[in-house]
Amino acid sequence: MASRLSLSEDAYVRSGAQQTAVKILVVGHFAVGKTTLIGSLSEIAPLSTEEQMTSLSENVDDLKGVQGKTTTTVALDFGRLTLSERIVLYLFGSPGQQRFVNLWDDMARGALGALVLVDPERLADSFEVMDLVESYGLDFAVAINQFDGGTVHTPEAVREALDLLPDTPVVTIDARDKASSVNALITMVRYLQKRAALEHA
């Protein structure tokens, strides 16, 4: 299990550095929009390991609801977002398929939290990912990626469906839209700060 780190003003700050670097995981089930979110947010050219899907993967991956998907992440996505003069987020997106779960040990190491993307049309697919996040002891927020023309659920309905704790943040986003995605990350960072303050009270 990854060790819990402190989200303080001096976390991850090297001697003489002016900014705090915070590692955040962006996770979710297959084809939920993780690569899209990191691409819309990153202030650098995002690192993406998307590859074309083959007929072999079509026999393994559940394409229900995402029949038009032609690529999939096979290692990770990476991006960077500066939230303030003091806080820089390093975003690591994980593949959504079970066969890549062995990557989690390395990805979760040093992470302060996770943003869990969910598809309102496929909420049941999110339980396995949230179990993984919790098994690594990571605090998390949930972002409902609202697809065009899809079923609309309120954050309260999603909280109940996913059996989330009352204080777990739940927000609605469009992963293609930078403003709503940034808001989700700000909400999560504030939650992490609140949790850290309670632990050190």
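**Exercise 1.** Work out which burial class Asp174 falls into at 22% relative accessibility.

*Solution.* Start with the classes: buried means under 20% relative accessible area, exposed over 50%, and partly exposed in between (1.4 Å probe, protein chains only). At 22%, Asp174 therefore counts as partly exposed. Next, look for a partner: Asp174 forms a salt bridge with Arg176, with the closest N and O atoms 2.8 Å apart. Here a salt bridge is a side-chain nitrogen of Lys or Arg within 4 Å of a carboxyl oxygen of Asp or Glu.

A word on the model: it is predicted, so local features need pLDDT of at least 70, side-chain atom pairs count only at pLDDT 80 or more, and totals for chains, interfaces and linings use all residues. Residues are numbered from 1 along each chain as its sequence is written, and side-chain values use heavy atoms, leaving out hydrogens and water.

**Exercise 2.** Find how many salt bridges the whole structure holds, and decide whether Arg122 and Asp119 are buried or exposed.

*Solution.* The search finds five salt bridges. One of them joins the side chains of Arg122 and Asp119 at 2.9 Å, N to O; both residues are buried. Another links Arg109 and Asp106 at 3.0 Å, N to O, and here both residues are exposed.

**Exercise 3.** Check the span of helix H6 (residues 178-199).

*Solution.* Helices are DSSP runs (H or I, at least four residues), numbered from the N terminus. The expected span is 1.5 Å times one less than the number of residues. For the 22 residues of H6 this gives 32 Å, and the end C-alpha atoms are 32 Å apart, so the two agree. Finally, the buried residues of H6 include Val182, Leu185, Met188 and Tyr191.

Notes:
Helix = DSSP H or I, 4+ residues; strand = E, 2+ residues; numbered from the N terminus.
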